[in-house]
Amino acid sequence: MAEETRGRLGGTAEEARGRLGGTAEETRIVKRRIHEYPDDSWTIERALDDGAYEGARKAITTMQPDGVIDLVKASGLRGRGGAGFPTGVKWSFAPKDVFPKFIVVNHDEGEPGTFKDRELGENDPHQLIEGIIISAWAVQAARAFIYCRGEFALGSRRLDKAISDAYERGFLGEGIYGSDFDLEIVLHRGAGAYICGEESALLDSLEGFRGQPRLRPPFPAVKGLYGQPTIVNNTETLGNLPDIVLKGADWFRQWGTEKSPGTKVLSVSGHVNRPANYEVSMGTSLADVLELAGGMREGHTLKAIIPGGASAPLLTSTDIAMDFESLKDAGSMLGSGAVVFMDETTCMVRNALVTTAFFEHESCGKCTPCREGTWWGVKVLERIEEGDGRREDMDLLLDICDGIDGRAFCPLGDAAAWALRSNVKLFREEFEEHVSLGRCPFEDEERILVGANQGGGSGEAGVMPQPAAGVPSDADTQS
Ligand SMILES: Cc1cc2nc3c(=O)[nH]c(=O)nc-3n(C[C@H](O)[C@H](O)[C@H](O)COP(=O)(O)O)c2cc1C
Ligand code: SF4
């Protein structure tokens, strides 16, 4: 047993760290197996050799469901899908005496700029399945659904294979670990709508309807899929559970901050030398994150940062700790952890345009402020970028933001407003220059356009395929 579980049980803080040069370092919990076994981390053989399914075994054979909920509450684990809601607290909202209950994994990851769940699903599907087993035991759900982004071709194949391997080995199905607990997992591929990452729209989509947000309350934990108590959790959130169960809450709390314990996988992209997923202790400085990513591309300087997806208001300094509280205090948010570094060649009008166009495209159309407001935002930004802007357009854009923010039915609308407003407020002079020149001042610059996919592999300068869009946070709290 000791040999089989060595990967899991050996973990001291020092061992979990991976020094990459400089002072910046990664701290790997959910990405540890992927990093240590890059050739076969996704196979059941490797996963078992590394101690997979021992956390689930411990939970089911030695702990009461309420004990697991208390442990996860004590660990302080917060949702990694964007809202940062405490995971154990969410689980405790599910009524004890109502059955059936469901677990739904949010593996949709529809926002451009975030690519962490894709890597976790492709390269460590057994960690996710183990996390599902633990959460299902905690809330006593006998069926779980993985809502997988439709475009994840390799990821869904690997998840499919991993699920059948887990059935074959008796980790899923009837009487898991000799108990009387049964669990089925259904893998469902979405059709590619960003709004279907919003948990209530996701549930509508899973039920076969057009994905549009539901009025809340009731929250899914009380009334979710098919009207039954449903826990929706993000892939990365669930990936933390096996180690928390095996090693305890204090072990988990040795990383991060008091209110944001543990690690966060940050999807780093933009004008950096090594765009990739980096797992860091919560509270790591943005400067260290930039260092991990190899710094800005040669000869260029940092201009703006999207710290947590495109809905996160922009920052202009790396002097900030990457955790839920610090980013909120700085007027932005951690979101799903999509960090985009932009250099001085980036046109911020174009940045605002591409981002707002994304939200306009993905607006589900259910409510007027978001449906109409994002459309008008695109119209005004287009004319500024094309040289037909008017002097009053900046105030008009801020007015459009005020018309959406706080008035939309779901956080997608608010997010569109936050992103646009921060571009206009922080870079107003650049917007005004477009208007006074009657053209984009960046059109002659040698630059990598935001939106072009150049490079992207480790060690190459690259940008993400589209500008990051983010996962709204605070308004989306109680799930
Ligand atoms: C427009 C929108 C898109 C979202 N997309 C995702 C997503 O792709 N993945 C995700 O885990 N959460 C997403 N969320 C957040 C979910 O609604 C929900 O808070 C999350 O899945 C809960 O899991 P967690 O508590 O483990 O973070 C989105 C929210 C909104 C408003
Ligand atoms: S805010 Fe946008 S995405 Fe959300 S319900 Fe309204 S129209 Fe749909």
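**Exercises on ligand 2 and helix H18**

Of the 14 residues around ligand 2, those that come nearest are Cys364, Cys367, Cys370, Cys410 and Gly413. A residue counts as near if its C-beta atom, placed from the backbone, lies within 6 Å of the molecule. This is a predicted model: local features need pLDDT of at least 70, side-chain atom pairs count only at pLDDT 80 or more, and totals for chains, interfaces and linings use all residues. Residues are numbered from 1 along each chain as its sequence is written, and chains are lettered from A and ligands numbered from 1 in the order in which they are written.

**Exercise 1.** Find which helices each supply at least two residues of the shell around ligand 2.

*Solution.* Take the helices (DSSP runs of H or I, at least four residues, numbered from the N terminus). Helix H18 (368-385) and helix H20 (411-426) each supply at least two shell residues.

**Exercise 2.** Check the span of H18 against its end C-alpha atoms.

*Solution.* The expected span is 1.5 Å times one less than the number of residues. H18 has 18 residues, so it should span 26 Å. Its end C-alpha atoms are 25 Å apart, which agrees.

**Exercise 3.** State which residues of H18 are buried, and what they pack against.

*Solution.* Buried means 20 or more other C-beta atoms within 10 Å of the residue's own, all placed from the backbone. Among the buried residues of H18 are Cys370, Gly373, Gly377 and Leu381. Next, look for contacts (C-beta atoms, placed from the backbone, within 7 Å). The buried residues of H18 pack against helix H17 (348-362), helix H19 (393-404), H20 and helix H21 (428-437).

Conventions. A residue is buried if 20 or more other C-beta atoms lie within 10 Å of its own, exposed if 12 or fewer, and partly exposed in between; C-beta atoms are placed from the backbone. Two residues are in contact if their C-beta atoms, placed from the backbone, lie within 7 Å.
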